Amino acid sequence: MLKEFKEFAMKGNLVDIAVGFVMGAAFNKLVASFTGGIVSPLIGLLFDADFKDLKFKLKEGTLNDAGEMVGESYLEYGTFLTNVIDFIIVAFVMFMIVKGVNKMKKPEPPAPPAGPTQEELLMEIRDALKK
């Protein structure tokens, strides 16, 4: 059973998928830092607020004995929008990578033109000899 598992795990496709998964996770961190550190502040300038802190209060809270606000509820749409931007960036980069890989693939040579078969040629010769 261990030998079968080792053969399964060492198949080329599975190793390629694992490498792709690790690279994707690292790329996701890169995009998240780009969005959080560069894109969000620039968009925040437009809205005059930190983009990640954009939220809508759904429920008012109350003060407890310690003077802290409890029971507040927010709809945090800024975080959602940041994640949407992350997704769009990752999807666009993946699209460009797939497009580049497809362009690098060598096209298959065109099939040779279909000419007359051997039987057709023999029939033409036969018909020409009859004349």
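How much accessible surface does the protein chain have, and what share of it belongs to carbon and sulfur atoms? The accessible surface comes to about 11600 Å², and 68% of that belongs to carbon and sulfur atoms. The model is a predicted one. The protein chain contains four helices and four strands, and 9% of its 131 residues count as buried.

**Overall build**

- Read from the N terminus, the elements follow the order α-α-β-β-β-β-α-α.
- The radius of gyration of the protein chain is 32 Å, whereas a compact globule of 131 residues would have one near 14 Å.
- Taken along the principal axes, the box filled by the C-alpha atoms is roughly 115 × 50 × 25 Å.
- Of the contacts between residues at least 6 apart in sequence, 39% join residues that are at least 24 apart.

**The nonpolar surface patch**

- F56, L58, L75, Y77, F80 and L81 make a nonpolar patch of about 620 Å² on the surface.
- Two elements, β1 (56-59) and α3 (77-104), each supply at least two residues of this patch.
- Helix α3 gives the largest share of the patch, with three residues.
- L58, one of the patch residues, has its place in strand β1.
- L58 has a relative accessible area of 53%, and because exposed means over 50%, L58 counts as exposed.

**Salt bridges around K57**

- The structure holds three salt bridges.
- In general, side chains of opposite charge can pair when their charged atoms come close.
- K57 forms a salt bridge with E60, and the closest N and O atoms of this pair are 3.4 Å apart.
- K57 also forms a salt bridge with E72, where the closest N and O atoms are 3.3 Å apart.
- K57 lies in strand β1 and E72 in the loop between β3 (69-70) and β4 (73-75), so this pair ties together parts that are 15 residues apart in sequence.
- The partners have these accessibilities: E60 is exposed at 53%, K57 is partly exposed at 33%, and E72 is partly exposed at 30%.

**The pair R126 and D127**

- R126 and D127 meet through their side chains in a salt bridge, with 3.4 Å from N to O.
- R126 counts as partly exposed, at 44% relative accessibility.
- D127 is likewise partly exposed, with a relative accessible area of 36%.
- Elsewhere in the chain, K57, E60 and E72 are joined into one network by salt bridges that share partners.

**Helix α4**

- Helix α4 covers residues 118-130, and at 1.5 Å a residue its 13 residues should span 18 Å.
- The C-alpha atoms at the ends of α4 are 19 Å apart, which agrees with that expected span.
- The number of buried residues among the 13 of α4 is zero, so this helix lies largely in the open.

**D86 in helix α3**

- Is D86 buried or exposed? D86 has a relative accessible area of 10%, and because buried means under 20%, D86 counts as buried.
- D86 has its place in helix α3, the helix that also supplies three residues of the nonpolar patch.
- Leaving aside neighbours within four places in sequence, D86 is in contact with V31, A32 and T35.

**D50 in the loop before β1**

- D50 sits in the loop between α2 (12-47) and β1.
- The relative accessible area of D50 is 43%, and D50 is therefore partly exposed.
- D50 and E76 are 26 residues apart along the chain, and their C-alpha atoms are separated by 12 Å.

Methods:
Residues are numbered from 1 along each chain as its sequence is written. This is a predicted model: local features need pLDDT of at least 70, side-chain atom pairs count only at pLDDT 80 or more; totals for chains, interfaces and linings use all residues. Side-chain values use heavy atoms; hydrogens and water are left out. Patches are made of residues with over 30% relative accessible area and no salt bridge: like charges are joined within 9 Å, nonpolar side chains (Val, Leu, Ile, Met, Phe, Trp, Tyr) within 5 Å. Accessible areas come from the Shrake-Rupley method with a 1.4 Å probe; for residues, only the protein chains shown count as cover. A salt bridge is a side-chain nitrogen of Lys or Arg within 4 Å of a carboxyl oxygen of Asp or Glu. Buried means under 20% relative accessible area, exposed over 50%, partly exposed in between (1.4 Å probe, protein chains only). The expected span of a helix is 1.5 Å times one less than its number of residues. Contact means heavy atoms within 4.5 Å. The radius of gyration is taken over C-alpha atoms; the globule rule is 2.2 Å times the number of residues to the power 0.38.
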